[in-house]
Amino acid sequence: MRVPFVDLATLHREIAGELREAVDDVWQRSAFTGAAAVEEFEQGFAAYCGSEHCVATGSGTAALEILLRAYGIGPGDEVVLPVNTFIATAEAVALVGARPVFVDVQETDGLIDFDGIDAAINSATRALIPVHLYGHPVDMDQVARIARRHGLLVIEDASQAHGARFREQRTGALADAAAFSFYPAKNLGACGEAGGITTRDAEIAERARMLRDHGARQKHCHEVVGRNDRMDGIQAAILKVKLHHLDRWNQQRRQIAAWYMEAIPEIRHCHAMGTGGDHVFHLMVVRVPRRDQVRQALMEQGIQTGVHYPTPLHLQPAFAHLQCTVGEFPVAEKLAEEILSVPMHPHLSREQVNYVTAQLRDAVHQG
Ligand SMILES: *Cc1c(COP(=O)(O)O)cnc(C)c1O
């Protein structure tokens with residue numbers, strides 16, 4: 001049996017008619033930038049998240065960077081974030097000239113460690129970026145408590161958790177602002193690069209709109225040096241169609257995770273990373289001994305897997321100038337050697353999940 005890690009072709013086949021119609025419509029209007037489709041998606045997505053404003057951007061990385069700039073974060077400022085995340089979270093901080101300050105993660109779920117946040121804060125700290133990694137919402141009560149005590153901004157990196165909830169509120173409405181990626185393989189993905197910002201703050205939304213569009217509020221009046229980072233009309237039209245299916249796809253992901261969880265606790269030396277809360281399972285992550293051998297054995301049985309992420313950010317060459325050391329974030333370093341992301345997408349069958357868990361059991365128990 002062959003089990004792909006993600007399966008966008010099946011997903012797109014399922015809604016091909018709707019997608020074709022939406023793209024055709026943009027084509028016929030031939031309004032590709034700053035189009036009605038973008039505004040319609042922005043309104044739909046803000047409402048879906050339970051936020052006020054959405055500002056669509058060219059990528060998730062751009063969304064983070066534009067948000068940081070909109071808040072005036074730059075040289076001399078520090079921003080606290082987890083050391084186990086995709087590089088973009090820290091990259092955006094570095095790109096605005098601020099310093100990313102890493103915090104270790106919790107062993108149970110790989111999310112930011114709250115005690116570590118306190119220790120990382122100093123007089124230069126401006127903001128916290130909790131990351132709802134793997135689709136698992138961070139305990140935002142804990143984050144808000146720390147932020148309030150130190151007077152800090154909170155920006156969610158919700159790039160892996162579209163639709164996840166914490167205390168009935170969706171991601172995107174859990175802090176001062178949020179950044180989303182709509183990279184194709186995310187829970188809500190475009191057919192190309194795209195991202196977005198959500199916030200209740202009208203002023204920040206307006207600044208973000210200006211920054212994504214050459215620093216102009218009005219054509220030919222450039223108030224600041226901005227950038228070209230708008231979402232294009234075709235991506236917006238596609239995302240608007242897909243938004244209607246997001247809850248159903250997330251529900252399918254949860255069902256698949258439940259199937260995995262019938263078998264994984266029975267596999268000796270194999271542990272699932274936190275599956276509690278209102279998780280939307282962007283990824284299904286387990287911990288296994290001899291991870292690279294297990295991964296190889298699964299590949300030989302036709303099962304594609306991933307590692308999210310094999311190198312904690314403090315050990316990436318791009319951040320060598322921060323002079324972090326091996327052993328500085330022991331939990332993230334240990335997890336990096338043991339974590340394995342098994343296939344997860346809304347169209348996995350029960351048979352495929354059973355096959356993966358059977359092969360996983362064999363691979364873990366060999367050797
Ligand atoms: C995907 C992702 C991003 C970046 O998004 P792009 O759209 O690829 O720029 C940022 N943060 C996290 C946690 C992500 O998973």
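Let's start at a small turn of the chain: Glu168 is found in the loop between strand 6 (165-166) and strand 7 (169-170). If you check the backbone there, you will see that Glu168 has a positive phi of about 75 degrees, even though this residue is not a glycine. Do keep in mind as you browse that the model is predicted.

A second backbone feature is worth a visit further along the chain. His308 and Tyr309 are joined by a cis peptide bond, with omega at about 15 degrees. Of this pair, Tyr309 lies in a loop as well, the one that runs between helix 11 (291-300) and helix 12 (330-338).

Now zoom out to the whole protein. How many helices and strands does the secondary structure hold? The count comes to 13 helices and 14 strands. The radius of gyration is 21 Å, close to the 21 Å that the globule rule gives for 367 residues, so the protein is as compact as a globular protein of that length. For a feel of the dimensions, the C-alpha trace spans about 65 × 55 × 35 Å along its principal axes.

With the overall picture in place, let's move to the ligand. Where does the ligand sit? You will find it in the largest pocket. Two elements give two or more residues each to the shell around the ligand, namely helix 4 (60-70) and helix 5 (87-95).

Who are the neighbours? There are 14 residues around the ligand, and those that come nearest are Gly60, Thr61, Asp157, Ser181 and Lys186. By character, the shell divides into four nonpolar, eight polar and two charged residues.

Three of those names deserve a closer look, as each brings a polar side-chain atom to an oxygen atom of the ligand. For Thr61, the distance from its polar side-chain atom to a ligand oxygen is 2.5 Å. Ser181 places a polar side-chain atom 2.6 Å from an oxygen of the ligand. For Lys186, the corresponding separation between a polar side-chain atom and a ligand oxygen is 3.0 Å.

How much of the ligand's surface does the protein bury? Taken alone, the ligand exposes 380 Å², and the protein buries 93% of that. So ends our walk, from the loop that holds Glu168 to the ligand in the largest pocket.

Technical notes:
Residues numbered from 1 in each chain as written. Predicted model: local features only at pLDDT ≥ 70, side-chain atom pairs only at ≥ 80, totals over all residues. Heavy atoms only, no water. Near = heavy atom within 4 Å. Polar contact = N/O pair within 3.5 Å; in protein donor to acceptor, adjacent residues only side chain to side chain. Areas by Shrake-Rupley, 256 points an atom, 1.4 Å probe, with all protein chains shown as cover. 1 Å grid on protein atoms, 1.4 Å probe; cavity = no way out; pocket = protein on both sides within 12 Å on 5 of 7 lines; lining within 4 Å. Sits in = over half its atoms within 2 Å of the grid points. Helix = DSSP H or I, 4+ residues; strand = E, 2+ residues; numbered from the N terminus. Nonpolar A, V, L, I, M, F, W, Y, C, P; charged D, E, K, R; others polar. Rg over C-alpha atoms; globule rule 2.2 N^0.38 Å.
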